[in-house]
Number of protein chains: 2
Amino acid sequence: MRAKKTASHIRQEQIVEAALDIIATEGLHALSIAGIAKRVGIVSSALYRHYNGKEEVLDAVLVFIRKRLMSNVDHVVKETRDPLQRLKRILMRHARMLDENRAIPHVVFSDWIYTGHPERKAKVADIITGYLGIIREIIKEGKNDGTIRPDTDTEAASVMFLGMILPAAVLSNVSEGRFDMVKHAENAWPIFVRCIAKI
Amino acid sequence: MRAKKTASHIRQEQIVEAALDIIATEGLHALSIAGIAKRVGIVSSALYRHYNGKEEVLDAVLVFIRKRLMSNVDHVVKETRDPLQRLKRILMRHARMLDENRAIPHVVFSDWIYTGHPERKAKVADIITGYLGIIREIIKEGKNDGTIRPDTDTEAASVMFLGMILPAAVLSNVSEGRFDMVKHAENAWPIFVRCIAKI
DNA sequence: GTTAATAGTGATTCACTATTCACATTATAG
DNA sequence: CTATAATGTGAATAGTGAATCACTATTAAC
């Protein structure tokens, strides 16, 4: 049966959603135009009315992910001013988000999306370094206001912050979700605090 | 021109080597039978004399990676008995190894190798959890001999240990190698020690 | 040197995927 | 109501990569 005619901006959202869904359940390499179209409920050729090809779909997926990550941070920054509290809440939100949005680690990790596309690789790099930059700023603030030890290597600490969640995502992925990311984040946080907090 | 006839066990090594090479430079998704064969200097159909297909090649690559990882740990365990020293040396070796062997993170991260192959996914899971298990044992020893704080969550700490190197690998990958993994490991270590060491 | 086993080759098949296009249908502005 | 722009459809095309096969060349054992 024929799909109902639907405004392009709606279809665009549906397409990104479907893509994320496929990535989360079957992996990035399983992402096909036909698969996306089927999930949306249209025929593959119809997809080209809304995106000019697979490349554009992937770009849209990246835009979505960046937004999700950044809105995460924005919320927390509004919630509290204390640097350690900010870091903790970002961590916990991040863990929950990756848990619900399993597509994100797939996209960030997979080389599929990179190779032969320097601009796209740069986009992913931007997303990660942008995120890291924010963490770094929070740590700097903490050093200024005396809640974080001044002898902490800011750069290394920010990457280690990522290190609380990133291996957890890999483990959760590899273990068919038997690894509990949120719980790990909860357990890892006090250890991390001990590293950087001024007691 | 015709390739020189070469014993199968030699070709098998060359094939794994070529595969690792391609994965490191172009990513896992770019790994094709034709590509491997070309690099080895034979024609794609000839590859089937040595492996029964792509699956077998990938399995061989996994075996290689597991060996590399484990020999790494074995060396260190022989070098020193002190738990903190062991961890530090494993970390530094690991960083250097990933730096030289860029294919490893690609394989561990990429979903390509997983989806639709539960057994292979399980193998990767085994490699990672095996590695983690060893780290966990070292931490436990440290708790016993008093070099590591007894209130440290062993599980969380071992995953965080991985977290010193894993995000670095992603960053190095995404940034075209502009991120210095070894340097990061050096900077991260004192922070990590502060978390777990009994002062 | 002959022979059997081993390794290499090119052609080909098969399945899968992205993309294009001519045509059909639907929504909506006027 | 109707014209037209937007969206949907199926068929066709082209590219890719894995795998098979009949055949050829080389090696090594006897």
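Reader: Which base atom of DNA strand D does the side chain of R2(A) lie near, and at what distance?

Author: In this predicted model, a base nitrogen of DNA strand D lies 3.2 Å from a polar side-chain atom of R2(A). That is a polar contact, meaning a pair of N or O atoms within 3.5 Å; within protein, one must be able to donate a hydrogen and the other to accept it, and residues adjacent in sequence count only if both atoms are side-chain atoms.

Reader: What are the ground rules for the numbers and the model?

Author: Residues are numbered from 1 along each chain as its sequence is written, with chains lettered from A and ligands numbered from 1 in the order in which they are written. Because the model is predicted, local features need pLDDT of at least 70 and side-chain atom pairs count only at pLDDT 80 or more, while totals for chains, interfaces and linings use all residues; side-chain values use heavy atoms, with hydrogens and water left out.

Reader: Back to strand D. Which residues touch its phosphates?

Author: Among them are A3(A), with a backbone N or O atom 2.7 Å from a phosphate oxygen of DNA strand D, and H50(A), with a side-chain N or O atom 2.5 Å from a phosphate oxygen of that strand. Two or more residues each come from α1 and α3 (44-47) of chain A and from α2 (33-40) of chain B. Helices here are DSSP runs of H or I with at least four residues, strands are runs of E with at least two, and both are numbered from the N terminus.

Reader: How many residues surround DNA strand D, and which are closest?

Author: There are 26 around DNA strand D, the closest being K5(A), S45(A), R49(A), H50(A) and K5(B). A residue counts as near if one of its heavy atoms lies within 4 Å of the strand. Of the atoms of DNA strand D within 4 Å of the protein, 53% are sugar and phosphate.

Reader: And strand C, which residues come nearest there?

Author: K5(A), K5(B), S45(B), R49(B) and H50(B), out of 26 residues around DNA strand C. Sugar or phosphate makes up 55% of the atoms of DNA strand C within 4 Å of the protein, and bases the rest.

Reader: What do R2(A) and K5(A) do at the bases of strand C?

Author: The side chain of R2(A) has an N or O atom 3.0 Å from a base nitrogen of DNA strand C. K5(A) puts a polar side-chain atom 2.6 Å from a base oxygen of DNA strand C. On the backbone side, a polar atom of V43(B) is 2.9 Å from a phosphate oxygen of DNA strand C. The elements giving two or more residues to this surface are α2 (33-40) of chain A with α1 (8-26) and α3 (44-47) of chain B.

Reader: What is the class make-up near strand C?

Author: 10 nonpolar, seven polar and nine charged residues. Ala, Val, Leu, Ile, Met, Phe, Trp, Tyr, Cys and Pro count as nonpolar, Asp, Glu, Lys and Arg as charged, and the others, Gly among them, as polar.

Reader: New topic. What are the domains of chain A?

Author: Domain 1 (1-51) and domain 2 (58-196), with bounds from an automatic or database domain assignment. Their centres, taken over C-alpha atoms, are 29 Å apart. The contact (heavy atoms within 4.5 Å) takes 10 residues from domain 1 of chain A and 11 residues from domain 2 of chain A.

Reader: How much area is buried between them, and which residues supply it on the domain 1 side?

Author: About 900 Å², with carbon and sulfur atoms giving 87%. L20(A), I23(A) and L28(A) supply 57% of what domain 1 of chain A buries against domain 2 of chain A, more than any other three residues. Buried area is the accessible area (1.4 Å probe) that two parts lose on being put together, summed over both.

Reader: How many salt bridges between those domains?

Author: Zero, where a salt bridge is a side-chain nitrogen of Lys or Arg within 4 Å of a carboxyl oxygen of Asp or Glu. The domain 1 side has eight nonpolar, two polar and no charged residues.

Reader: And how many between chain A and chain B?

Author: Four. One of them joins R194(B) and D151(A), with the closest N and O atoms 3.6 Å apart. The largest share of the chain A side, 15 residues, comes from α8(A).

Reader: What is the area buried between the chains?

Author: About 3,800 Å², with 70% from carbon and sulfur atoms. M160(A), V174(A) and R194(A) supply 17% of the area that chain A buries against chain B, more than any other three residues.

Reader: What does the E55(A) and R120(A) salt bridge tie together?

Author: The side chains meet at 3.7 Å, N to O. E55(A) lies in helix α4 (residues 54-79) of chain A and R120(A) in helix α7 of chain A, so the pair links parts 65 residues apart in sequence.
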